[in-house]
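Hello,

Here is the structure I promised to pass on. Please have a look at it before reading my notes below.

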Amino acid sequence: MRGTLRKKKLKSGKISLYIDYYPPVWNPQTKQYTRREFLNLHLHAVPATDLEKQENKLYTEIAEKIYIKRMKSLMLEENNIFNKDVLEGDFFIYAENFIRGKQKTKVDTTHYETAIKYLKKWKGAHLKFRHIDEKFLEKFKEYLLTTTSLKSKHTKLNQNSAASYYDKLALIVQSAFLDKYLSEDYTQRVPPVSVM
């Protein structure tokens, strides 16, 4: 497995920086193999000012750091060593991509989406993978069993609905484990919410 940091001239005249992988690498977000990862970093082909020269230097340094990080990640993966860097990723971005993938296969994702709404109501707009473990899942279960419905602040969430929302979150967590965003499948040690 190897990758090379490369440049591509754009129609705008700027130069785009990207990583060229050989052989292609699996992208768990898009669920497909890819040869190129564009870094959204653009250099001035002919820097005319000191500022443009500084920008070129800065963007090149950022691209090199990303490249080194990617190569480290691939090396760890090849040797079956868990890459702890992924734990800083945003679980909600992963969940949204997971749900989009389900929608493409015509699966009804209403309960998945509602599960994420309850999770955001409980934890806020951002959640890192490193916060997810069995204690987290147990506490989310407790939250679902004691919170009110999203539709009415005066109505307690039905237990069967709580069970369905927990199950949907558990499926996303299991997928994150399979995609190597988590070092363990924590759902295995947490029993589901019982159905009435």
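Below are some notes on the helices, the cores and the strands.

This is a predicted model, in which local features need pLDDT of at least 70 and side-chain atom pairs count only at pLDDT 80 or more, while totals for chains, interfaces and linings use all residues. Residues are numbered from 1 along each chain as its sequence is written, and side-chain values use heavy atoms, with hydrogens and water left out.

Let's start with two helices (DSSP runs of H or I, at least four residues; strands are runs of E, at least two, and both are numbered from the N terminus). Helix α3 (residues 110-123) packs against helix α4 (residues 134-146) at an angle of about 100°, and their axes (lines fitted to C-alpha atoms over the stretch in contact, with angles from 0 to 180 degrees between N-to-C directions) are 11 Å apart. The two are therefore roughly perpendicular (65 to 115 degrees). Among the residues that meet (heavy atoms within 4.5 Å) are Tyr118 and Leu119 in α3 and Phe136 and Phe140 in α4.

Leu119 also touches Phe91, Phe92, Gly124, Leu127 and Leu169, among others, not counting residues up to four places away in sequence.

Now for the strands, which pair if DSSP finds at least two bridges between them. Strands β1 (residues 2-9) and β2 (residues 15-27) run antiparallel, joined by eight bridges, and Lys9 has Ile15 as its bridge partner in β2. They form a hairpin with five residues between them, where Gly13 in the turn has a positive phi of about 100°. β2 also pairs with β3 (residues 32-43), antiparallel over eight bridges; here Tyr18 partners Phe38 in β3.

Best wishes

Key: Parallel < 35°, antiparallel > 145°, perpendicular 65-115°, else oblique.
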